[in-house]
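Subject: Structure for your files

Hello,

Here is the structure you asked for, with notes on what turned up in it. Please read them with the coordinates open.

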Amino acid sequence: MRNAYGVESVRAAEREVMARGPEGALMRRAAAGLAAECAQLLGKVYGARIALLVGSGDNGGDALYAGAKLAGRGAGVTAVLLAPERTHAGGLAALRAAGGTVVDGSEDRAEGVVARARLVVDGIVGIGGRGGLRERAARLVAAVAGDALVVAVDVPSGVDADTGEVHGEAVRADVTVTFGAYKPGLLIDPGREYAGAVRLVDIGLELASGERVLEALQYADVAGLLPRPSGESDKYRRGVVGVVAGSARYPGAAVLCVAGALRGGAGAVRYVGPAADAVIARFPETLVSAGPPSKAGRVQAWVVGPGLGDDGERLRDVVAADVPVLIDADGLRLAGEREVRARRAPTLLTPHAGEAAALLGVSREEVESARLSAVRELAGRYGATVLLKGSTTLVASGEGPVRVNPTGTPWLATAGSGDVLSGLAGSLLAAGLDARDAGAVGAYLHGLAARHASSGGPVAAQDVADAIPAAWRDVRRTD
Ligand SMILES: NC(=O)C1=CN([C@@H]2O[C@H](COP(=O)(O)OP(=O)(O)OC[C@H]3O[C@@H](n4cnc5c(N)ncnc54)[C@H](O)[C@@H]3O)[C@@H](O)[C@H]2O)[C@@H](O)CC1
Ligand SMILES: Nc1ncnc2c1ncn2[C@@H]1O[C@H](COP(=O)(O)OP(=O)(O)O)[C@@H](O)[C@H]1O
Ligand SMILES: [K+]
């Protein structure tokens with residue numbers, strides 16, 4: 001599991017280490033890790049032109065000590081000070097002693113220094129930052145050459161370390177070297193996008209895993225959660241997933257949802273609805289039935305909503321069932337908050353940002369700019385587990401850390417791929433995973449399947465469904 005910790009926890013862990021160890025030890029470790037990463041990116045340090053953007057706090061101190069190390073190896077290092085009177089004194093002295101130079105960020109020549117640098121180190125603000133870049137910092141950042149390497153210290157300045165929100169201008173880094181622990185803002189868009197590749201440097205902080213606010217499943221975690229048929233399994237023991245999706249107008253949604261469900265580990269897929277002919281034509285192994293879902297026979301979990309149109313009756317029939325239910329797409333619009341809250345069996349809602357926005361009564365942009373608070377708010381309101389889809393997929397339940405999905409590709413943003421995900425996650429629910437695990441494992445496999453199917457090129461939703469078994473085997477290999 002990859003865990004991310006909030007700023008308060010990181011600061012508390014830092015205080016503990018500082019109380020025990022020699023002064024400045026943490027910053028020296030951080031700076032050493034930062035310098036090593038810069039050196040690796042540069043390839044040749046000797047003669048390289050480096051600019052340090054240095055703010056008023058310890059983040060600037062890290063940049064200065066790292067700059068001193070690089071200057072000691074023959075790089076031409078210039079520190080551009082954004083708050084000259086409040087610059088980290090020890091760091092500044094170290095840089096000067098190593099042969100580095102210093103300019104005031106308000107001087108005209110500062111922009112030229114930044115523009116000529118091959119590598120720019122962003123030490124403007126770290127976890128102490130609030131809001132976007134201020135004007136002078138933003139101007140200097142805008143001067144960075146297009147082909148320069150940008151390394152952010154701890155977090156890209158302007159990105160909220162706790163949430164990934166960006167209010168105003170922020171640094172776009174190629175690499176972010178973060179200290180002691182991942183911060184949520186490095187793993188959730190838009191912050192994740194600004195951070196580039198994230199490198200974690202161990203500086204000896206001890207964080208209790210119970211304090212994590214965000215977690216990302218890794219291969220081994222997923223392998224441990226995948227359903228595994230035992231020798232005595234039969235299709236009912238493996239779980240039957242019921243799919244209520246599609247309409248005369250959208251039969252394709254039913255086919256795609258069933259396609260995902262068939263690959264999700266349940267023993268059988270039951271389809272109820274008006275697209276039975278289309279489903280059977282593509283997947284003859286599906287059990288189809290007409291009539292209401294409640295009369296369809298044994299089902300361990302339902303998926304309801306993709307392409308459903310305005311069929312509130314079938315939706316209500318499913319929501320009244322006493323087994324886990326996944327509600328997606330049109331189902332989200334039709335399901336009342338009170339009905340969902342009243343359910344006793346687990347409920348998993350899988351909105352994309354637009355659907356989440358409609359449920360919350362805000363704009364899509366508001367959801368996309370503050371995903372963490374949106375997914376938590378929805379989980380709280382509905383008393384359910386919520387999987388918020390998009391460039392960063394998050395899964396939140398009422399309690400415990402939020403899960404962030406580490407797999408996927410922007411090629412997944414293709415019509416119908418969400419239907420495949422709901423079928424897949426519903427199948428995992430039927431196979432016995434709880435709602436959080438079914439959502440997180442479903443998103444993980446779905447993203448990995450898309451990568452398999454894509455290999456850098458476009459994919460269609462059906463390709464993603466077809467690649468799920470390969471993704472599954474891929475994960476199992478680590479078992
Ligand atoms: N906490 C830890 O465990 C460690 C922290 N270290 C470094 O220390 C950093 C935190 O240092 P600080 O607490 O001094 O805080 P920062 O260096 O992040 O910020 C310092 C000051 O910047 C100003 N500021 C805030 N927002 C601003 C904005 N938008 N534009 C311009 N100025 C702004 C504020 O006056 C703030 O107090 C970490 O991010 C990391 O780089 C490391 O040296 C090692 C260990
Ligand atoms: N930029 C992106 N990067 C990665 N995955 C994305 C991105 N945009 C969308 N996705 C994923 O693509 C899928 C699209 O689902 P959805 O929006 O429901 O589409 P549809 O309704 O057409 O099936 C989701 O799994 C979502 O997480
Ligand atoms: K920074």
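Which residues does UniProt list for "domain: YjeF N-terminal"? The unreviewed entry gives residues 10–211. Please keep in mind throughout that this is a predicted model.

Two domains

Residues 10–211 are 37% helix and 18% strand, and the C-alpha atoms at the two ends of the span are 10 Å apart. The same unreviewed UniProt entry lists residues 218–475 as "domain: YjeF C-terminal". That second span is 48% helix and 13% strand, with 9 Å between its end C-alpha atoms.

The domain assignment of the protein chain gives domain 1 as 2–213 and domain 2 as 219–476. Their C-alpha centres lie 40 Å apart. Where they touch, 11 residues of domain 1 are in contact with 10 residues of domain 2. The domain 1 side of that contact is made up of five nonpolar, two polar and four charged residues.

The seven-stranded sheet

One open sheet has seven strands in the order S4-S3-S2-S5-S6-S7-S8, and the pairing is parallel. Strand S4 (101–104) and strand S8 (197–201) are its edges, each pairing on one side only. On average, neighbouring strands are turned by 20 degrees against each other, direction ignored.

Within this sheet, strand S6 (residues 149–153) and strand S7 (residues 175–179) run parallel and are joined by three bridges. Val153 is placed opposite Val177 in S7. Helix H3 lies across strand S2 (49–54), strand S3 (76–81), strand S5 (119–123) and S6, and runs at about 160 degrees to S2.

Two backbone details belong with these strands. Asp154, in the loop between S6 and S7, has a positive phi of about 70 degrees although it is not a glycine. The peptide bond between Asp189 and Pro190 is cis, with omega about 5 degrees. Pro190 sits in the loop between S7 and helix H7 (191–195).

Ligand 1

What surrounds ligand 1? There are 27 residues around it, and Glu14, Gly57, Asp58, Gly126 and Gly128 come nearest. Helix H1 (7–20), helix H2 (25–42) and helix H3 (58–72) are the elements that each give two or more residues to this shell. H3 is therefore worth a second look in the viewer, as the helix that also lies across S2, S3, S5 and S6.By class, the shell around ligand 1 divides into 11 nonpolar, nine polar and seven charged residues.

Ligand 2

Ligand 2 has 18 residues around it, and the closest are His352, Lys389, Ser391, Ala413 and Gly418. Helix H18 (residues 417–430) gives the largest share of this shell, four residues. The shell around ligand 2 divides into six nonpolar, 10 polar and two charged residues.

Which residues does the unreviewed UniProt entry list under "binding site"? The record names Lys389, Gly390, Ser391, Thr392, Thr393 and Gly418. They span 30 residues in sequence, yet no two of their C-alpha atoms are more than 13.8 Å apart, so these residues gather at one spot. Lys389 is found in the loop between strand S16 (385–388) and strand S17 (394–396).

The 11-stranded sheet

S16 and S17 belong to an open sheet of 11 strands, ordered S1-S9-S18-S17-S16-S15-S14-S13-S10-S11-S12, in which the pairing is mixed. The edge strands here are strand S1 (2–4) and strand S12 (287–289), each of which pairs on one side only. Neighbouring strands of this sheet are turned by 20 degrees against each other on average, direction ignored.

At the S1 edge, S1 pairs with strand S9 (residues 214–216) in the antiparallel sense over three bridges. Ala4 stands opposite Leu214 in S9. Helix H19 (residues 435–454) packs on the sheet and touches strand S15 (347–349), S16, S17 and strand S18 (402–404). The direction of H19 makes about 15 degrees with that of S16.

Regards

Note on methods: Residues are numbered from 1 along each chain as its sequence is written. Chains are lettered from A and ligands numbered from 1 in the order in which they are written. This is a predicted model: local features need pLDDT of at least 70, side-chain atom pairs count only at pLDDT 80 or more; totals for chains, interfaces and linings use all residues. UniProt positions are given in the numbering used here, feature names are shortened, and annotations may be inferred rather than shown by experiment. A residue is near a molecule or strand if its C-beta atom, placed from the backbone, lies within 6 Å of it. Ala, Val, Leu, Ile, Met, Phe, Trp, Tyr, Cys and Pro count as nonpolar, Asp, Glu, Lys and Arg as charged, and the others, Gly among them, as polar. Two strands pair if DSSP finds at least two bridges between them. Axes are lines fitted to C-alpha atoms, for helices over the stretch in contact, and angles run from 0 to 180 degrees between N-to-C directions. Two residues are in contact if their C-beta atoms, placed from the backbone, lie within 7 Å. Domain bounds come from an automatic or database domain assignment.
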